[in-house]
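Q: Please take a close look at a single part of the structure shown below, and describe in one connected account how that part is placed against its neighbours. I would like the geometry, the contacts and the burial treated together.

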Amino acid sequence: MLPQLDLVSNVSRHNLICMPSNQQMYPKLFAAGMLSGMFTTAIMAPGEHIECLLQIQAARGELKYAGPMDYVKQLYKESGIRGIYRGTALTLMRDVPASGMYFMTYEWLKHLLIPEGKR
């Protein structure tokens with residue numbers, strides 16, 4: 001058998017189908033991941049918004065903003081805090097469930113792939 005398939009052959013069919021005895025852990029992990037997705041989006045979304053607009057500006061060759069701080073000042077002057085967080089609702093719709101799935105799947109795979117005595 002190929003060495004990379006060794007790990008797969010050691011995983012029993014039962015482990016692929018069943019969750020560990022503490023099944024209440026997975027919904028809690030999903031909720032924790034969703035919460036982290038909300039905080040991450042609240043912190044990172046304005047920076048990503050600024051970065052995207054500055055990249056578009058550079059690609060077009062027209063320089064309306066001198067840099068990130070200039071953009072933030074002008075945007076805040078034009079539309080307030082709402083302008084800085086524009087598009088965040090859609091980002092939340094993407095990132096919140098994705099973070100929940102990431103947390104939960106990570107722990108499930110850890111349970112699946114690490115032998116019982118080594119956890």
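What follows is an account centred on helix α3 and the two helices packed in contact with α3, namely α4 and α5.

A: The model is a predicted one, and every value below should be read in that light. The protein has five helices and zero strands, and from the N terminus on its elements run α-α-α-α-α. Of the 119 residues, 24% count as buried. Among contacts between residues at least 6 apart in sequence, 64% join residues at least 24 apart. Helix α3 spans residues 25-60, and its two partners are best taken one after the other.

The contact with α5, which covers residues 88-113, can be described by its axes. Those of α3 and α5 come within 7 Å and cross at roughly 140°. Because angles over 145 degrees are needed for roughly antiparallel and 65 to 115 for roughly perpendicular, this crossing makes α3 oblique to α5. The crossing is right-handed, and the residues of this contact divide into 14 nonpolar, nine polar and two charged.

Individual residues give this contact its detail. Leu29 is found in helix α3 and, with a relative accessible area of 17%, is buried because that value lies under the 20% limit. Leaving aside residues up to four places away in sequence, Leu29 touches Gly100, Phe103, Met104 and Glu107. The C-alpha atoms of Leu29 and Gly100 are separated by 7.0 Å, although the two residues are 71 apart along the chain. Thr88, placed in helix α5, has a relative accessible area of 13%, so Thr88 is buried. Beyond residues up to four places away in sequence, the residues that Thr88 touches are Thr41 and Ala45. Met93 also lies in α5, but at 61% relative accessibility Met93 counts as exposed, since that value is over 50%. Between Met93 and Met38 the C-alpha to C-alpha distance is 9.5 Å, with their places 55 residues apart in the sequence.

The second partner is helix α4, residues 68-84, whose axis comes within 11 Å of that of α3, the two crossing at roughly 120°. That angle lies over 115 degrees and not over 145, so α3 is oblique to α4. The crossing of α3 and α4 is right-handed. On the α3 side, the residues that meet α4 are Pro46, His49, Ile50, Leu53 and Leu54, while on the α4 side they are Pro68, Tyr71, Val72, Leu75, Gly83 and Ile84. The residues of this contact divide into nine nonpolar, two polar and no charged.

One residue of α4 can be followed outside this set of contacts. Ile81 has its place in helix α4 and is exposed, because its relative accessible area of 51% is over the 50% limit. The C-alpha atoms of Ile81 and Pro46 are separated by 9.8 Å, and the two are 35 residues apart along the chain. Pro46 is itself one of the α3 residues that meet α4.

Tyr71, one of the α4 residues in contact with α3, also takes part in a ring pair. A pair of aromatic rings is described by the distance of the centres and the angle of the planes. The count here comes to one aromatic pair. That pair is formed by Tyr65 and Tyr71, with 4.6 Å from centre to centre and 85° between the planes. With the planes over 60 degrees apart, the pair therefore counts as edge-to-face. Tyr71 is buried, given its relative accessible area of 2%, and Tyr65, at 14% relative accessibility, counts as buried too.

Tyr65 leads back to α3 by way of Gln57, which is found in that helix. Apart from residues up to four places away in sequence, Gln57 touches Glu62, Leu63, Lys64 and Tyr65. At 9% relative accessibility Gln57 lies under the 20% limit, so Gln57 counts as buried.

In sum, α3 is oblique to α5 and oblique to α4, and both crossings are right-handed. The α5 contact includes two charged residues, whereas the α4 contact has no charged residues.

How values were computed
Residues numbered from 1 in each chain as written. Predicted model: local features only at pLDDT ≥ 70, side-chain atom pairs only at ≥ 80, totals over all residues. Heavy atoms only, no water. Helix = DSSP H or I, 4+ residues; strand = E, 2+ residues; numbered from the N terminus. Buried < 20%, exposed > 50% of the residue type's maximum accessible area, 1.4 Å probe, protein only. Contact = heavy atoms within 4.5 Å. Phe/Tyr/Trp six-rings, centres within 6.5 Å; stacked < 30°, edge-to-face > 60°. Axes fitted to C-alpha atoms, helices over the stretch in contact; angles between N-to-C directions. Parallel < 35°, antiparallel > 145°, perpendicular 65-115°, else oblique. Left-handed = near helix turned anticlockwise from the far one by under 90°. Nonpolar A, V, L, I, M, F, W, Y, C, P; charged D, E, K, R; others polar.
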